[in-house]
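Here are some short exercises to work through with a protein model on your screen. Try each task by yourself, then follow the solution step by step.

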Amino acid sequence: MLRDWVVAVVALSALAVSGYARPAMADCKMVQVAELALDPHWYGAVADGQINGQPIKAMIDTGSSLSMISRAEAAKLGLAFRPVGATLYGVGGQRQAYGTTVKSLQIGQLFANKIDLIGSDTLTNPNIAMILGNDILSQFDVEFDLPDQLVYWNKPYSLAPLLGTNRDSPSIRTPVILNGQRISAELDSGAGASVVDITVANRLGVAIDTSVATEAAHGMGQAPRPVSIGQFKSFALGDEQIGNVKIQLINLVGDLQLTDQGTDTRIARSVSGDTEPMMLIGDDFLRAHRVLVANREHVMVFSYLGGSVFETPAVKEPAPSPTPRMF
């Protein structure tokens, strides 16, 4: 059954912790339910699996509230789609959602029979067959160890509280402090790099770095979104603080709040932190940390491993001076 599942490397576990206090963490006991060994050839959290006995690649995506299968993969497997009367929203706009049922699903040591999945054209990489989303992951405590190089926790570790989210659209939310202001961030293992909403960043006094060449961002929707690089005076998550940090900027909140009529009805509330996340914490952060999401205790525990916390493109190379022509 789904409720008998937990993620490390990515690992899924059941964790017993008494509150948030640091002394309690020494007494915590974790019972591992499953370990999902990640494919080292992929930058993100991608694991091997099977659907109806056929091999697939699955992305472990805490930024997706639903588990989904690509329509192309479903067609290869002979799965029938049915309308569900829902629309999916994400970076780049919206997509129509469909429903399908698979007889068996296995990802690593996780198993499920007769499970319903959302089918859509949102998976941009044809080699990824499905997304394992937070509808399943939120039932467990999830540990990420993307570098796969630790057995025990580094000291010191940091703690950050998890914010409450909609039970019908679960996500991993935590408060962060940017330039001294508190905003809501979402841990998104499906995002290659961390991003901040550009409207929110401007209100926080971000400085735009024009020395960096950027490529457009692609997400759930069909439209690419321009990317800028912002420099913030300070960033803090829990006990971890970083000064003079550069983070990528995109139109995040607006895309998440578009309605079927294309109007943005809740942007004011979103910027105040009450509705949508204003930052996505992506794979760059996960590669620099070991992270445990203790959903039952509503806390995230993380330890810095080393390297850059946030990934940004390299500085533009200056154009070469023209060579004088000799006549």
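## Exercise 1: A polar contact in a loop

The side chain of Asp39 makes a polar contact of 2.4 Å with the side chain of Lys57. Keep in mind throughout that this is a predicted model.

**Task.** Where in the chain is Asp39 found, and is Asp39 buried or exposed?

**Solution.**
- Step 1: Locate the residue. Asp39 is in the loop that runs between β2 (29-35) and β3 (46-51).
- Step 2: Look at its accessibility. The relative accessible area of Asp39 is 11%. Buried means under 20%, so Asp39 counts as buried.
- Step 3: List its contacts. Once neighbours within four places in sequence are set aside, Asp39 touches Val46 and Lys57.

## Exercise 2: Getting to know the whole chain

**Task.** How many helices and strands does the chain have, and what percentage of its residues is buried?

**Solution.**
- Step 1: Count the elements. The chain has seven helices and 20 strands.
- Step 2: Turn to burial. Of the 327 residues, 50% are buried.
- Step 3: Add the surface. About 15900 Å² of the chain is accessible, and carbon and sulfur atoms account for 51% of that surface.

## Exercise 3: How far to trust the model

**Task.** What is the average pLDDT of the chain, and over which residues is pLDDT below 50?

**Solution.**
- Step 1: Begin with the average. The mean pLDDT is 76, and 69% of the residues score at least 70.
- Step 2: Find weak stretches. One of them is residues 14-26, where pLDDT is below 50; the model gives this stretch 34 contacts beyond near neighbours in sequence.
- Step 3: Add another stretch. Residues 257-274 also stay under 50, with 30 contacts beyond four places in sequence.
- Step 4: Draw the lesson. Where pLDDT is low, the predicted coordinates should not be read in detail.

## Exercise 4: Partners of strand β17

**Task.** Which strands pair with β17, and in which sense does each pair run, parallel or antiparallel?

**Solution.**
- Step 1: Take β14 (residues 195-197). This strand runs parallel to β17 (residues 240-250), and three bridges join the two. Here Val195 stands opposite Gln248.
- Step 2: Take β16 (residues 228-237). This strand pairs with β17 in the antiparallel sense over nine bridges. Ala236 has Gln241 as its bridge partner in β17.
- Step 3: Look at the turn. The hairpin of β16 and β17 has two residues between the strands, and Gly238 there takes a positive phi near 60°.

## Exercise 5: An aromatic pair

**Task.** How many aromatic pairs does a search of the whole structure find, and which parts of the chain does the pair of Phe235 and Phe310 tie together?

**Solution.**
- Step 1: Count. The search finds two aromatic pairs.
- Step 2: Describe the geometry. Phe235 and Phe310 have 5.0 Å from centre to centre and 85° between their planes, which makes the pair edge-to-face.
- Step 3: Place the rings. Phe235 lies in strand β16 and Phe310 in the segment after β20, so the pair links parts 75 residues apart in sequence.
- Step 4: Check burial. Both Phe235 and Phe310 are buried.

## Exercise 6: Arg173 and His298

**Task.** Which side chains make polar contacts with the side chain of Arg173, and what distance separates the C-alpha atoms of Arg173 and His298?

**Solution.**
- Step 1: Place Arg173. This residue sits in strand β12 (residues 173-178) and is buried, at 13% relative accessible area.
- Step 2: Find its partners. The side chain of Arg173 has a polar contact of 3.1 Å with that of Ser171 and one of 3.2 Å with that of Glu186.
- Step 3: Bring in His298. This residue lies in the loop between β19 (289-294) and β20 (299-304) and is partly exposed, at 45%.
- Step 4: Read off the distance. The C-alpha atoms of His298 and Arg173 are 9.7 Å apart, although 125 residues separate the two along the chain.

## Exercise 7: Two asparagines with positive phi

**Task.** Where do Asn52 and Asn179 lie, and what is phi for Asn52 and for Asn179?

**Solution.**
- Step 1: Recall the background. Most residues other than glycine have a negative phi.
- Step 2: Take Asn52. Its phi is positive, about 50°; Asn52 is in the loop between β3 and β4 (54-60) and is partly exposed at 27%.
- Step 3: Take Asn179. Its phi is positive too, near 50°; Asn179 is in the loop between β12 and β13 (181-187) and is buried at 16%.

Terms used
Residues are numbered from 1 along each chain as its sequence is written. This is a predicted model: local features need pLDDT of at least 70, side-chain atom pairs count only at pLDDT 80 or more; totals for chains, interfaces and linings use all residues. Side-chain values use heavy atoms; hydrogens and water are left out. Helices (H or I, at least four residues) and strands (E, at least two) are DSSP runs, numbered from the N terminus. Buried means under 20% relative accessible area, exposed over 50%, partly exposed in between (1.4 Å probe, protein chains only). A polar contact is a pair of N or O atoms within 3.5 Å; within protein, one must be able to donate a hydrogen and the other to accept it, and residues adjacent in sequence count only if both atoms are side-chain atoms. Contact means heavy atoms within 4.5 Å. Accessible areas come from the Shrake-Rupley method with a 1.4 Å probe; for residues, only the protein chains shown count as cover. Two strands pair if DSSP finds at least two bridges between them. pLDDT is the predictor's confidence in each residue, from 0 to 100. Rings of Phe, Tyr and Trp (its six-membered ring) pair if their centres lie within 6.5 Å; planes under 30 degrees apart count as stacked, over 60 as edge-to-face and the rest as tilted.
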